[in-house]
Amino acid sequence: MISVISDVKNILLVGVGGQGIVLAADVLSQVLVSAEYDVKMSEIHGMSQRGGSVNTMVRFGSKVFSPLIDKAKAEYILAFEQLEALRWSDYLKPGGVFIMNTQKIEPLPVLLGKARYPQNIDELIRGKGINLLAVDADSLAEEAGSKKAANIVLLGCLAALMPIDRGVWYAAIERRVPPKTVDINKRAFDIGYDLTSKPAFIV
Amino acid sequence: MKVLLSGNEAIAHGAYVAGVTMATGYPGTPSTEILETIVKYDEIEAAWAPNEKVALEVAIGASLAGSRALVTMKHVGLNVAADPLFTLAYTGVNGGLVIVSADDPGMHSSQNEQDNRNYAKAAKIPMLEPSDSQDAVLLIDEAFNISEIFDTPVILRTTTRVNHSKSLVEVDVERVRKEETYEKNPQKYVMIPAHAKSRREVVENRLNALSEFAEQFRGNRVEWGNRHIGFITSGVSYQYVKEAFPDASVLKLTMTYPLPRKLITDFIEQVEQAIVVEELDPFIEEQIKIWGLSVSGKRFIPAIGELNPDIIRGSLADKEDDALEESEALDIELPGRPPMLCPGCPHRGVLYTLNKLKLVVTGDIGCYTLGVLPPLEAMDTCICMGASIGNATGFQKATGRKDVVAVLGDSTFVHSGITPLIDAVYNRGFTTVIILDNRTTAMTGRQDHPGTGKTLKGYDGPPLDLEMIVRATGIQSVKVIDPYDLKVVKEAIKEETAKDEPSVIIFRRACLLVERPNTKPFMVTGACNGCKACVKLGCPAISWKEKRAQIDPEICSGCEVCVQVCKKDAVVEYAKVDRGAGI
């Protein structure tokens, strides 16, 4: 009996409904398809659209079965919001890459003053022995021309750490974002890419 | 060419390739995107029906005329369509007819997690279950062939993880062309008892023939591996089993009703231990046990919620191994992130008022159901589509109380709110029915419906006149009110609930995701005394910081509902404040 050793890699994208996570995951998945991987991606629509917690799971390799990522199995986590980063931090594989946007979106219990938004989330995550890259993607996206491109800044951060040509990413962005925003999104992608391709960030 | 498609996109593509000419359904997570994708094919007549029963009846008509017809709905939708379904099983079809039932294990967006595989058994019709998008494309084609060869409707049962997961699909396939012919055949299609009795025999014989077919069906297949454990599985559970136990032997079933007895028996005989892995009910397991075969399943595998590879591994692991899997838990409790009504949602002011008036509110299915959560807490019930009105009538009749209102949306009212309103009038109820008319089916992603007049294909027709429908039931008092005007909202509700007759208030304003008025954001000034009145609206734009309210101008829609609840006039238009002067 031949035991198949899986080469499947897992990327978890988490955040809040409305942050452009599905779009980022679409671009990412398209890039992985272009790079000739087998790809599966799982997302949940519906109630989560109304400002709820959102997660999208992307898996790629020579053959992918489950569309879901198990706990402590994600090679990469891309968190679009701090509280969601903390909520999903158990999904990172030891030694995995964790990229977190520093944006905070307060959930209803916090808005109502019934719960506190956790302080020093970056320290809490690092305290688990995680090598966290905290990125102010909203400000960087504004530099690129629109705060709305924060999702693509984060994608750029991830892209620089993956063995796929930059051109493949550009092509996928061009295909997926509204035509008028292609330039802004490419600039946003570059800003993210250049940030994590610096030697200091290489994990 | 291989492309990445969701299960729903794959079903739409597969239906196109299979030559479907009629596709109909009612929106419901996780099924909605099937019709939203299929609408792009000019060759297919795609339509949103007012409800799932009508959708299936339209599809039956198309099938009778010789067309291939697809019907889509979420699992609870099949409850609504069950009436035609059970007799359709007797009449059979002319053109192929396939019903997609999108189940929601784990209840991501549903009020229950019923296992619709039971419908196939109860209606005695075949059922196929895809495990990913490629499967979905192949099975739609198989489903139509089975439907026509065996003269039966077929259920394609999916689950959320199949509908909403994307995987690679081979799409270079040509569309099947089918001749459409109709021959009158009352013995087959008119189910008076005399005809139905002979069709009853047909149904049973058909099931036997389908059982034979299931043995040879290419979708049911064994993947041999290690024979210590043999897994019998279907749908997305197959993917989880392959992930968790890549070396085990697996019998993958894609036709899960009727089941292939010989194939299953042979498989079980060739493995040391056979385990059925299926989400929700022990549907496959029970059938195998009825045959007297040795198999286990729910003894290990949970019957509640979704499965995943970890759960399957954990269920079958020895107790000692379990401890290893536990990861370190954080010692702080994280605030949850429940879904919320959008900033400026027209439902908010009405729900806020219902809470203030301390009324008993029988609720319904839609965005407004979120009004059950704090701080609005304005809902006492939510059962199923259209249930609010009957619930209110019953509650009132049982108690004699007038402080009871039914709340439902426009699309829900059209779906199944009209008959209970007729009942309320006919049976001398005195309920007040509130229709939150936001001109769309908002929760499922803003689909049009008869109340908007616009069809799925984009044609503009006459919008259903809700006031006239309401009056036609015999309701004398119908008010149409802008829900942004809190004073009028409150007065109307007080006035109508005081009456000894049934009445209807239509709160009409378009969902902000459909039609966004050009309004300016507001902010809170130093006049705020921290009374929290605005915070109690549960608006995502309003937060409570250092004993004062704050408005996030980036998401404020300018609906001015909070302006009306503020007793200190501390909420003002952002642009009109001189922020440099210090406030």
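How many disulfides does the structure hold over all chains? The count is 0, and since this is a predicted model, the tour that follows describes computed geometry throughout.

**Stop 1: the cysteines of chain B**

Select Cys531(B) and Cys566(B) and display their sulfur atoms. The sulfur of Cys566(B) is the closest cysteine sulfur to that of Cys531(B), yet the two lie 6.2 Å apart, which is too far for a bond. A disulfide would require the sulfur atoms to be within 2.5 Å. Cys531(B) itself is partly exposed, with a relative accessible area of 38%.

Move next to Cys559(B), which likewise takes part in no disulfide, the nearest cysteine sulfur being that of Cys562(B) at 6.0 Å. With a relative accessibility of 17%, Cys559(B) counts as buried.

Now select Cys528(B), Cys531(B), Cys534(B) and Cys566(B) together, since an unreviewed UniProt entry annotates these residues as "binding site". They are spread over 39 residues of sequence but cluster in space, with a largest C-alpha distance of 10.3 Å.

Within this group, Cys528(B) sits in the loop between strand 19 (522-524) and strand 20 (542-545) of chain B, and at 16% relative accessibility it counts as buried. If residues up to four places away in sequence are set aside, Cys528(B) touches Arg548(B), Ala549(B) and Ala570(B). Cys534(B) is also found in the loop between strand 19 and strand 20 of chain B, and it counts as buried at 10% relative accessibility. Apart from neighbours within four places in sequence, the contacts of Cys534(B) are Ile542(B), Ala549(B), Cys562(B) and Val565(B).

**Stop 2: an open sheet in chain B**

Switch to a cartoon view and find the open sheet of 5 strands in chain B, whose order is 14-15-16-18-17 and whose pairing is parallel. Strand 14 (360-362) and strand 17 (477-481) stand at the edges, each with a single partner strand, so one side of each has no neighbour in the sheet. Looking across the sheet, the twist from one strand to the next averages 20 degrees.

At one edge, strand 17 pairs in the parallel sense with strand 18 (residues 503-508) of chain B over 5 bridges. To see one such bridge, select Ser477(B) together with its partner Ser503(B), which belongs to strand 18 of chain B.

Two helices that pack on this sheet are worth colouring separately. Helix 16 (residues 347-356) of chain B touches strand 14, strand 15 (404-409), strand 16 (432-437) and strand 18, and its direction makes about 155 degrees with that of strand 16. Helix 21 (residues 486-497) of chain B touches strand 15, strand 16, strand 17 and strand 18, with its direction making about 170 degrees with that of strand 17.

**Stop 3: His13(B)**

Go to helix 1 (residues 7-17) of chain B and select His13(B). Is this residue buried or exposed? His13(B) is buried, with a relative accessible area of 10%. Leaving out neighbours within four places in sequence, its contacts are Leu5(B), Tyr41(B), Val137(B) and Val171(B).

**Stop 4: salt bridges**

Over all chains, a search of the whole structure finds 45 salt bridges. Begin with Lys40(A) and Asp132(B), whose closest N and O atoms are 3.5 Å apart. Lys40(A) lies in strand 2 (residues 38-43) of chain A, while Asp132(B) lies in the loop between strand 6 (127-128) and helix 7 (133-149) of chain B, so this pair joins two chains. Both Lys40(A) and Asp132(B) are buried.

Within chain A, select Glu174(A) and Lys186(A), whose side chains meet in a salt bridge at 2.5 Å, N to O. Because Glu174(A) is in helix 7 (residues 166-176) and Lys186(A) in helix 8 (residues 182-197) of chain A, the pair ties together parts that are 12 residues apart in sequence. Glu174(A) is partly exposed at 39% relative accessible area, and Lys186(A) is partly exposed at 22%.

Finish in chain B with Glu129(B) and Arg157(B), where the closest N and O atoms of the salt bridge are 2.8 Å apart. Glu129(B) is in the loop between strand 6 and helix 7 and Arg157(B) in strand 7 (residues 154-159) of chain B, so placed that the pair links parts 28 residues apart. Both Glu129(B) and Arg157(B) are buried. Extend the selection to Asp103(B), Asp115(B), Arg117(B) and Glu278(B), which are linked with Glu129(B) and Arg157(B) in a network of salt bridges.

Key
Residues are numbered from 1 along each chain as its sequence is written. Chains are lettered from A and ligands numbered from 1 in the order in which they are written. This is a predicted model: local features need pLDDT of at least 70, side-chain atom pairs count only at pLDDT 80 or more; totals for chains, interfaces and linings use all residues. Side-chain values use heavy atoms; hydrogens and water are left out. Buried means under 20% relative accessible area, exposed over 50%, partly exposed in between (1.4 Å probe, protein chains only). Two strands pair if DSSP finds at least two bridges between them. Helices (H or I, at least four residues) and strands (E, at least two) are DSSP runs, numbered from the N terminus. Axes are lines fitted to C-alpha atoms, for helices over the stretch in contact, and angles run from 0 to 180 degrees between N-to-C directions. Contact means heavy atoms within 4.5 Å. A salt bridge is a side-chain nitrogen of Lys or Arg within 4 Å of a carboxyl oxygen of Asp or Glu. UniProt positions are given in the numbering used here, feature names are shortened, and annotations may be inferred rather than shown by experiment.
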